[in-house]
Amino acid sequence: MTMTRRDVLLGATAAAALLPLAARAQTSEVVIGATYPLSGSGAQVGVDAQRAFETAIDIINNDQDFELPLAKGVGLPGLGGAKIRIVYADTQGDPQKGRAEAERLITQEKVCAILGSYQSAVAVTISQICERYQIPFMSADNSSPSLHRRGLKYYFRASPHDEMFSAGMFDFLDAMKKKGAKAQTLALFHEDTIFGTDSANAQTKLATERGYKIVADIKYRANSPSLSAEVQQLKAANADVLMPSSYTTDGILLVKTMAELGYKPNAIVAQAAGFSEKALYDAVGDKLEGAITRGSFSLDLAAKRPMVGKINDLFKAKSGKDLNDNTSRQFMAMIIMADAINRAKSTDGEKIRDALAATEMPGDQTIMPWKRVKFDESGQNNDADPVLLQYVGGKFVTVFPSQAAVADAIWPMK
Amino acid sequence: MDKQFVARRRRDLITAAGLAAVAAIVPLFVKDVYVQNIMVLTLMYAALSQSWNILSGYCGQISLGHALYFGLGAYTTALLFTKFGVLPWFGMIAGGLISAAIAMALGYPCFRLGGHYFAIATIVIAEIGLLLIQNWDWAGAALGIDIPVRGDSWLKFQFTRSKLPYFYFALVLACVAWFVTWWLEDSKWGYWWRAVKDNPQAAESLGVVVFNSKMGAAAVSAFLVAVGGSFYAQFVSYIDPGSVMGFQFSLLMALPAVLGGIGTLWGPMLGAVILIPITELTRSYIGGSGRGVDLIVYGALIVLIALARPEGLVGLFSRRRKEATR
Amino acid sequence: MTAETIIQSLASGLLMGLLYGLIAVGLALIFGLMDVVNFAHGEFLMLAMYVTFFLFTFFAIDPLLSAPLAAAALFVLGAAVYLLIVRFAMRAKANVGMVQIFATFGLAIVMRGLAQLFFTADYRSVPNSWLGGKTVSVAGIYLPQPQLFGALVAIAAFGGLYLFINRTDFGRALEATREDPGAVALVGIDKNRVFALGWGLGGALVGLAGAIMATFFYIYPDVGASFALIAYVTVALGGFGSVFGAFAGGIVVGLVEATTALILPPSLKSVGIYAVYLLVVFIRPRGLFGSM
């Protein structure tokens, strides 16, 4: 029998049609990208994020007994036990570099999803690129509210944004006021970046709506060599509540300068960032007894949900640190993304997107104090409740909301 | 103007045309978007550095604040487009003209300053610009400007996946910057600048005309850099003050010219072709470790080039070197 | 705005300004000696802060005591940088200025990378030192002890430097080399040795500054960037090459920074410094005390 050209062509077409199926069934590895600043001024967060992702992958790829999606059993059952591999890219905190790295991860490393990115400015460009290539992007730890309002189909964020965080902070202040605590005047102290601006805008809006008086609104240059002038203005305003939105560096300098200029605020309610970093408390913890910060994570949850403590131990073994606001969110972003890929039974961007959109993860299957994970049309999870943590005796105690609280807030601080 | 000089200029022009033609067909064979992205950045930095070289190399006015013009170009284009719907092509020209005007206004007092005083003045002026934009709410302040991309369009100069339009624009820009430099070398201005460099006394007698030519060089240099900034805004489709106006950017713009050969026709091109791929590749393939190794490699290369070839990499092409330092 | 606020601002500004002067004086010295701007100056400061931090963490040596050690370490670094890098960068036939700027710029990047590699990107600080967090209060005006001590060290360093340059043989050799590097060779002075010692001295001064900074500032690989630009402006404002200029420049920068923050939003306080710099050089193109 002679094979005609047509037969050959037909055969080739059939083989080509079968190939993706075969290849898909044998996918032994699912590649996920993570874009973080790994050098430059945000590098510490990026390096910690690597440990958080590794912890999550350990749990997914190995058989672990946690009430967490994919913990039991090996790999992703929906993809025949495929294991997750993560590829890191260094954005150096620059939007253009973040964009280029996201594109490289998609086209060269063939990642099927990207997690990121600490700096919100970098998330803007990465999410644009992901949209163009139809690859889901999940903001693990970006909190700028503008991010999910750009009509992107492939953008997701499981954790709260600054407006939700700030609303939580004001709910807390309302509750404190009701109890008779002195919390009428506020001093905002925020850096001149996206994070600081968004945070201050949200807080200013809420303060006006809820009848608080802002007696000082101090915008400072991030990483200033000196904060003396700023602190002096805070001191002169002497507000009932000091509300800093600062990263670790400026947070340390702020607290040290406050002590040096003899300013002891009545209460501090911080927008996390630096105020949930171990480095800050290592440096100036003795001056922060009773400081309160909002957070997305609370180790107190370990009492109710033992796996939180165990996962924290796993993370601590890798990083030497407890899970914090950032690392807990990074951990969860990986779990949620892996869960979606597993349900999509595919590494196709669009299918993963649809699976993500259909996510319905009860809060007790996470390590967070959230109600659940469910994304709205804009990709935002509105059921992620922030908590307020108070730094007491060298550790954080959850003081709000009441369902998560383990103690009453000490007010004013020490 | 000896025969040799005329012959060299003709040879330079032919070489440039040949290189541009070769560059133009490269992306037809190299389809990888990551590599194409590096090529776009390389051409962009070549253009920027070539423009910087006009003022700082040929004219000897070392500016470490060109990020100001880059940022002005980027911001003018982005603001005109997002606030008033003005197409980026017009924004590009507007940004260029604004930058040129500002460069001349700043040049007037600054050119009286000597060496390092001038350089520091350019740094602080660019920093003032950065701080003002960072605190200007209407211009997006720290939030920056997100340029909405709605599909491919030459009119709006935005393309979702294809890098080719950006590549060809950057190529044209680099060629224009090169050609302007080439043309200036043999102009009256170029002659004065050489005279001033070779013989400081000549500066005295040429005083006023040289001052005016410097103003012209500042304007041309700022215009081209601002067009580069406009391009960058379209290419990245998001800008914020730190990423287009930061001090680092001023240094990155000068670096290719310095390493390639400052005040030479080919230096900036050569510097960019070597430096930018190294920058990108070290970050992409070593930076993921999070241990700073990419910085060590990148920084060490800069030191090595600066030490091994203090007069620039064009020195490797020995025949050219003799002519460049002629 | 009360009188107390203004006095406090000026006091804080003055103390900070003296410290800026101390950070910048090494830069001024090196420039005065050989016309070289060290773009890794911020990284020198960063390294001095790490030296202080590690001596404190591992050997419990208080920054006050380790300051001379930090100065010694940076002396060695400064001399090494001259001998291994700058000396070669100076051989450029044209545009020596740019070549050495970028050689030291490359060095700055390497130093940041090395710091991240060996010390990690974590933020460090010296939590409780003898001076850290302590403050002196006079009639409601607070003077933090670390900055107060820094100011004293700065004044002492400037005094010492003045005597050193004017009263010692080496100082005279330094001065002579600066005026005519070619001629000194004829009288048997090794130019490279003088330059290396000059760089060492510049490093030692920033080493002192780093030890004091470590008592109240955070430490991480990029920390130098916050101070580098201020140091350049300080030196230029005072007049390149003038050690006394750096001292005066530092005070002016500190005071202007503090007063600007009283008038403009604090995020714009550097604008005041920059504007004053421009104003000064437009009137006096060689800075306040520039000689050449």
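Q: A crossover is right-handed if, with the strands pointing away from the viewer, the path from the first strand over the helix to the second runs clockwise. Which helix makes a right-handed β-α-β unit with S6(A) and S7(A)?
A: This is a predicted model: local features need pLDDT of at least 70, side-chain atom pairs count only at pLDDT 80 or more, and totals for chains, interfaces and linings use all residues. Residues are numbered from 1 along each chain as its sequence is written, while chains are lettered from A and ligands numbered from 1 in the order in which they are written. Helices (H or I, at least four residues) and strands (E, at least two) are DSSP runs, numbered from the N terminus. Between S6(A) and S7(A), the right-handed unit has helix H6 (residues 194–209) of chain A.

Q: Over how many bridges do S6(A) and strand S7 of chain A pair?
A: Two strands pair if DSSP finds at least two bridges between them. Thr185(A) stands opposite Lys213(A) in S7(A). S7(A) covers residues 213–220, and its pairing with S6(A) is parallel, with a bridge count of seven.

Q: Which residue in S8(A) stands opposite Ala187(A)?
A: S6(A) also pairs with strand S8 (residues 241–245) of chain A. The two run parallel and are joined by five bridges. Across from Ala187(A) in S8(A) is Leu242(A).

Q: How many of the seven residues of strand S6 of chain A are buried?
A: A residue is buried if 20 or more other C-beta atoms lie within 10 Å of its own, exposed if 12 or fewer, and partly exposed in between, with C-beta atoms placed from the backbone. S6(A) spans residues 185–191. The rest of the structure largely encloses this strand, because the buried residues number six of the seven.

Q: Which strands of chain A are the edge strands of the sheet S2-S1-S3-S4-S5?
A: This open sheet of five strands in chain A has parallel pairing. Inside it, four bridges join strand S1 (residues 29–36) to strand S3 (residues 113–116), and Ile32(A) has Ala113(A) as its bridge partner in S3(A). The strands that pair on one side only are S2 (83–90) and S5 (155–156) of chain A.

Q: Why is one side of S9 and of S14 of chain A left without a neighbour in the sheet?
A: The sheet is open, with four strands in the order S9-S10-S13-S14 (chain A) and mixed pairing. S9(A) and strand S10 (residues 292–295) run parallel over two bridges, and Val269(A) has Ile292(A) as its bridge partner. S9 (269–270) and S14 (395–400) of chain A stand at the edges, so each has a single partner strand.

Q: Which helix of chain B gives the most to the side that touches chain A?
A: Two residues are in contact if their C-beta atoms, placed from the backbone, lie within 7 Å. The contact takes 27 residues from chain B and 32 residues from chain A. On the chain B side, helix H2 (33–58), helix H11 (267–286) and H12 each give two or more residues. With three residues, the top contributor is H2(B).

Q: How many nonpolar residues has the side of chain B that touches chain C?
A: Here 38 residues come from chain B and 41 residues from chain C. Helices H5 (115–134), H10 (247–261) and H12 (293–308) of chain B each give two or more residues. Ala, Val, Leu, Ile, Met, Phe, Trp, Tyr, Cys and Pro count as nonpolar, Asp, Glu, Lys and Arg as charged, and the others, Gly among them, as polar. Beside eight polar and four charged residues, the nonpolar count is 26.

Q: Which helix gives the largest share of the largest nonpolar core?
A: A nonpolar core is a set of buried Ala, Val, Leu, Ile, Met, Phe, Trp, Tyr and Cys residues joined through C-beta atoms within 7 Å. The largest has 366 residues, and Ala170(B) and Val25(C) have the most contacts inside it. The largest share, 17 residues, comes from helix H1 (residues 3–34) of chain C.

Q: What is the radius of gyration of chain C?
A: Chain C has eleven helices and two strands. The radius of gyration is taken over C-alpha atoms, and the globule rule is 2.2 Å times the number of residues to the power 0.38. Chain C is as compact as a globular protein of 292 residues, because the rule gives 19 Å and its own value is close to that, at 19 Å.
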